[in-house]
Amino acid sequence: VILRMYTGPMFIKYNGRMRNLLKAIEKYLAMGKAEDEAVQCAMDDAGNDFVTTIHVLCSALLKLRKECPLPPNKKVYRGFSGLLVPECFKRQDRRGNRGGVEFGFLSTSA
């Protein structure tokens with residue numbers, strides 16, 4: 001059910017919640033609060049966090065990934081427009097990964 005909900009308009013609420021939390025944490029850190037206090041303040045400001053819903057969605061996506069793995073010879077692409085990325089974004093880390101972090105669920109093409 002949650003995967004069906006996410007493919008509709010609810011994805012705006014779920015991704016928005018995850019992305020806006022980082023902005024709120026950064027605001028409290030800029031005010032001089034300690035990291036754990038900034039996280040707590042951001043969570044207190046949030047209202048409906050969709051915590052259980054996002055947890056179930058994450059679990060469903062992980063299960064789906066196990067059932068439908070990306071073939072090893074495929075690459076995952078996400079389009080960017082007018083964005084310059086630093087060199088470290090392009091280099092592999094010790095685990096062979098490249099790229100960055102998205103604070104919401106990310107739609108990609110393979």
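Here are three short exercises, with worked solutions, on a predicted model of a protein chain.

**Exercise 1. Work out how many helices and strands the protein chain has, and in what pattern they follow one another.**

Solution.
- Start by counting the elements: the protein chain holds five helices and zero strands.
- Next, walk along the sequence and write down each element, which gives α-α-α-α-α.

**Exercise 2. Describe the burial, the exposed surface and the contacts of the protein chain.**

Solution.
- Take burial to be under 20% relative accessible area. By that cut-off, 19% of the 110 residues are buried.
- Turn to the surface: about 8,900 Å² is exposed, and 57% of this comes from carbon and sulfur atoms.
- Finally, consider contacts between residues at least 6 apart in sequence; 63% of them link residues at least 24 apart.

**Exercise 3. Find which residues make up the largest nonpolar core, and which helices supply them.**

Solution.
- List the members: the nine residues are Ile 2, Tyr 6, Tyr 14, Met 18, Phe 50, Ile 54, Leu 57, Ala 60 and Phe 105.
- Assign them to helices: at least two residues come from each of α1 (2-6), α2 (10-30) and α4 (51-67).
- Pick out the main contributor: α4 gives three residues, the largest share of this core.
- Zoom in on one member: leaving aside residues up to four places away in sequence, Ala 60 touches Ile 2 and Leu 3.
- To finish, look for another core: a second, separate one has seven residues, among them Tyr 28, Ala 38, Cys 41 and Ala 42.

Terms used: Residues numbered from 1 in each chain as written. Predicted model: local features only at pLDDT ≥ 70, side-chain atom pairs only at ≥ 80, totals over all residues. Heavy atoms only, no water. Helix = DSSP H or I, 4+ residues; strand = E, 2+ residues; numbered from the N terminus. Buried < 20%, exposed > 50% of the residue type's maximum accessible area, 1.4 Å probe, protein only. Contact = heavy atoms within 4.5 Å. Areas by Shrake-Rupley, 256 points an atom, 1.4 Å probe, with all protein chains shown as cover. Core = buried A, V, L, I, M, F, W, Y, C linked by side-chain atoms within 4.5 Å.
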